[in-house]
Amino acid sequence: MALSNGCSCRIGPSILNADLSDLASECKRLMDCGSDYLHLDVMDGHFVPNLTFGHPVVKCLRPKLPGVFMEMHMMVEKPETWVEHMADAGADMYTFHYEATPHPERCIRKIKEAGMKVGLGINPPTDVSVVLPYIDMVDLILVMTVNPGFGGQAFISECLPKVQFLRDRYRNLDIEVDGGVGPSTIQQCADNGANVIVSGSALIRHNNPREAIQFMRNTVDEAIQRSHLER
Ligand SMILES: O=C(CO)[C@H](O)[C@H](O)COP(=O)(O)O
């Protein structure tokens, strides 16, 4: 699956708050419920005050999830360090943070050379204008809607004007939102132009994740349809 697809809806569960002792089954369950891809949160205890997992876990997951598109959300300092390791482990996309490196362009080049798609993320306090020089080099822009580090935080709606700013200028750009996104916040995300949707605890806790995924997909699809009609 390619993420860049002329701005169509993609739903990717974050497994941060899933039962990590049974990660492969949790991933399969969420894919079976209609997800398009997996959003795997890598944290190093430096860029964010939390630790998760690295490329050895991804390497173990890969054969258990054949054909599943895996986006690595690298909440790590010096993101250049792990590019080859993640590519070798079978990752499809490497999304790193603008704030994590003084050399975003170098990191982008390295990710492409390793054969992965590139995502570039910004934290809530970061101005959206910083990503503009890189838009043509990347496959996706991630606008964080919580301060990264933990699942289950409250959605920061003040981040949405950044999504709107990008969508007004780039109709076909894949714009991902992550943090506090679920059925209760999806309408705002969709109305502002997000089309790639990460949802963690709202899906993990939901008693019918399939229904929640379908609801979010319908909401985003309707917003995309509306924006086409308004053109
Ligand atoms: O990157 C993240 C946190 O840093 C997670 O992907 C994100 O928070 C998803 O979890 P939730 O939907 O529970 O907020």
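Helix α8 spans residues 209–230, and its 22 residues reach 32 Å from the first C-alpha to the last, close to the 32 Å expected at 1.5 Å a residue. This is a predicted model, so please read what follows with that in mind.

**Helix α8 and its two faces**

Let's stay with α8 for a moment. Its buried residues are Pro209, Ala212, Ile213, Met216, Arg217, Val220 and Ala223. Because these residues cover an arc of only 130° around the axis, they sit on the same side of α8. The face turned away from that buried side carries the exposed residues Gln225, Arg226, His228 and Leu229. What lies over the buried residues of α8? The cover includes helices α1 (23–32), α6 (186–191) and α7 (201–204), together with strands β1 (10–13) and β8 (196–199).

**The annotated binding site**

Next comes a set of positions taken from a record. An unreviewed UniProt entry lists His39, Asp41, His73 and Asp178 under "binding site". These residues are spread over 140 residues of sequence, yet they cluster in space, with a largest C-alpha distance of 10.7 Å.

Two of the listed residues can be looked at side by side, leaving aside neighbours within four places in sequence when contacts are named.

| Residue | Strand | C-beta neighbours inside 10 Å | Contacts |
|---|---|---|---|
| Asp41 | β2 (residues 38–43) | 24 | Ser14, Leu16, Thr52, His73 and Met75 |
| Asp178 | β7 (residues 174–178) | 24 | Ser14, Leu142, Met144, Thr145 and Val198 |

Are these aspartates buried or exposed? Asp41 counts as buried because it has 24 C-beta neighbours inside 10 Å, where 20 or more are needed. Asp178 counts as buried because it has 24 such neighbours inside 10 Å. Among the contacts of Asp41 is His73, which is itself on the UniProt list for "binding site". Ser14 is in contact with Asp41, and Ser14 is also in contact with Asp178.

**A loop residue with positive phi**

Finally, here is a backbone detail you may want to find in the structure. Where does Lys78 lie? Lys78 belongs to the loop between strand β3 (70–75) and helix α3 (83–89). The phi angle of Lys78 is near 50°, a positive value in a residue other than glycine. Lys78 has 16 other C-beta atoms within 10 Å, so it is partly exposed; that class falls between the cut-offs of 20 or more for buried and 12 or fewer for exposed.

Technical notes. Residues are numbered from 1 along each chain as its sequence is written. This is a predicted model: local features need pLDDT of at least 70, side-chain atom pairs count only at pLDDT 80 or more; totals for chains, interfaces and linings use all residues. Helices (H or I, at least four residues) and strands (E, at least two) are DSSP runs, numbered from the N terminus. UniProt positions are given in the numbering used here, feature names are shortened, and annotations may be inferred rather than shown by experiment. Two residues are in contact if their C-beta atoms, placed from the backbone, lie within 7 Å. The expected span of a helix is 1.5 Å times one less than its number of residues. The arc is that of the directions from the helix axis to the C-beta atoms.
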